[in-house]
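Reader: I should like a close look at a single part of this structure, namely the surroundings of the ligand. Please set out the sheet beside it with its helices, and then the rest of the fold in relation to that account.

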Amino acid sequence: MISAVRGTRDILPDQVERWRRVEEVARRVCSRYGYYELRTPIIEREELFSKGTGESTDIVQKEMYAFDDKGGQRVTLRPEATPSIVRAFVEHSLEQSLSVAKLFTLGPMFRYERPQKGRYRQFHQLNVEVFGVAEASLDAEVMEMACTLVGELGIDESELVINSVGCPDCRPVFSEALLNALGGDLSKLCGDCQRRAKTNPLRIFDCKVEADQSTIDRLPHSTDYLCDACRGHFEAVQRHLRLYDQPFRLSHRLVRGLDYYTRTTFELLSSKLGAQNALLGGGRYDGLVKRLGGPDRPGIGFAAGLERLVLALPDVNDQMVPDVFVAAIGSLAQDAVFVLARALRAGGLRTLVDYEARSAKAQMKRANRAGVSHVVILGDDELAAGEVTVKTMATGEQCKVARDKIVDVLLSAS
Ligand code: HAM
């Protein structure tokens, strides 16, 4: 047997309905908030992510499925969609047709991470991005929309966590304060933290190594070093969240693992997921469109992990059950059932049919196992009389129905 690649998963029929529910609600909510769907390629130039996601990130340093294609071009499977959406926005000059561009996309991402529950090497995201608005009211609307989406999926007990990581003016001051506060303790932190101290000191807050935590807990907070403009923005974001009565928690450790964030960062956490507890995460990235060669447009967005939404979804009985089984009894009816099944399907009924000319008993057994509500029996006599027999499985009752009335009768019964 050749098994699936480690970290990838088949989504089997008993799970697909849950996926479809998540995708349908995602599309519905995005459309209500004015977002247009776009679809970008799964394969992109590697430099899009080294420039966009950032050289210092784990994604770019360790996790990309990058390779030279047969023409010698360096490409990668996309590890995230934000740089791709920015690229498409810039490449197609979407700012000319959409003064406020609200865009969303659904699709697979690829990261070479250590697989565990809720963390895969191929996973799927809903990505939501807005270009062209710098106001804090949008930050709050994006977060409120994320919470609405999760609420409409019936996922309760989620917690919105927010932070501000400042801007290119105030962040260097904070980074320096961090390094000063660490002083000689830096050499006691893990290797990753020592690397982060050189490339992006804020990311020290991402460290999960137990032994480092007491040192990290003593470090200063980004929100104490915000410039006036960033502080005003962050206060306005919180004021707007309160307008929505949206509960949230401040966490100075929420720096997020991507280099492009400015000001607001946020995550929605679920207690139902275990260690990988972020249903979604995002933030503002005001310099990214310009860095990737576009106009100087602010941006904000988030991505939700579809596997995690599916995992956190409450159980409901949403298996697709066929409506009708068409059973043939007698040699003449064997062929006629296929034409009858076509008529039932054309009428909108989910219809099963027996292909193997089995006994009446075997066909009834199969109908029972499939869970249909009705069996339509077509025997040679019924065929001659232009009728069928309908058996209601719940009661066992049988009645004769004219063949040209059968779709209406079954539709009104279901
Ligand atoms: P991210 O935090 O890397 O952000 O991913 C967002 C979400 O994708 C996570 O909260 C999680 O639900 C899901 N996710 C990430 N990695 C995995 C994985 N290996 N397996 C399963 N699920 C995963 C971004 O990707 C940014 N592009 C979000 C963003 C959009 N920021 C602004 N706009």
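Author: In this predicted model, eight strands form an open sheet with mixed pairing, in the order β1-β5-β6-β11-β10-β9-β7-β8. Its edges are β1, residues 36-37, and β8, residues 249-250, each of which pairs on one side only. Within the sheet, β6 and β11 run antiparallel and are joined by seven bridges. One residue pair gives the register of these two strands: Leu-126 has Ala-304 in β11 as its bridge partner.

Two helices lie across this sheet. Helix α1, formed by residues 13-32, crosses β1, β5 (101-110) and β6, and runs at about 5° to β6. Helix α10, formed by residues 228-243, lies across β7 (158-164), β8, β9 (262-270) and β10, and its direction is at about 160° to that of β7.

The ligand may now be considered. It is surrounded by 27 residues, of which the closest are Glu-80, Thr-82, Glu-113, Arg-256 and Tyr-261. By type, the shell around the ligand divides into eleven nonpolar, nine polar and seven charged residues.

Several polar atoms of the protein can be placed relative to the ligand. Tyr-260 has a polar side-chain atom 3.1 Å from a nitrogen atom of the ligand. The backbone also takes part: a polar backbone atom of Leu-279 is 3.1 Å from an oxygen atom of the ligand, and a polar backbone atom of Gly-301 is 3.5 Å from a ligand nitrogen atom. Of the 660 Å² that the ligand exposes when taken alone, the protein buries 95%.

The elements that give two or more residues to the shell around the ligand are β6 (122-131), β10 (278-284) and β11 (299-305). Strand β10 provides the largest share, six residues. The link with the eight-stranded sheet is direct, as β6, β11 and β10 follow one another in its strand order.

One residue outside this sheet also deserves a closer view. Arg-87 belongs to helix α4, which covers residues 82-91. Apart from its neighbours within four places in sequence, Arg-87 is in contact with Thr-40, Pro-41, Glu-44 and Leu-48. By comparison, Gln-61 is 26 residues from Arg-87 along the chain, and the C-alpha atoms of the two are separated by 21 Å.

There remains a further sheet, which is open and has five strands in the order β13-β12-β14-β15-β16, again with mixed pairing. Strands β13 (351-353) and β16 (398-402) stand at its edges with a single partner strand each, so one side of each has no neighbour in the sheet. From one strand to the next, the twist averages 30°. Strand β12, residues 324-329, pairs with β13 in the parallel sense over three bridges. In that pairing, Val-324 has Thr-351 of β13 as its bridge partner.

This five-stranded sheet also carries helices. Helix α14, residues 360-370, packs on the sheet and touches β12, β13, β14 (374-379) and β15 (387-392), with its direction at about 175° to that of β12. Helix α16, residues 406-413, lies across β12, β14, β15 and β16 and runs at about 160° to β14.

Key. Residues numbered from 1 in each chain as written. Predicted model: local features only at pLDDT ≥ 70, side-chain atom pairs only at ≥ 80, totals over all residues. Heavy atoms only, no water. Pairing = 2+ DSSP bridges. Helix = DSSP H or I, 4+ residues; strand = E, 2+ residues; numbered from the N terminus. Axes fitted to C-alpha atoms, helices over the stretch in contact; angles between N-to-C directions. Contact = heavy atoms within 4.5 Å. Near = heavy atom within 4 Å. Polar contact = N/O pair within 3.5 Å; in protein donor to acceptor, adjacent residues only side chain to side chain. Areas by Shrake-Rupley, 256 points an atom, 1.4 Å probe, with all protein chains shown as cover. Nonpolar A, V, L, I, M, F, W, Y, C, P; charged D, E, K, R; others polar.
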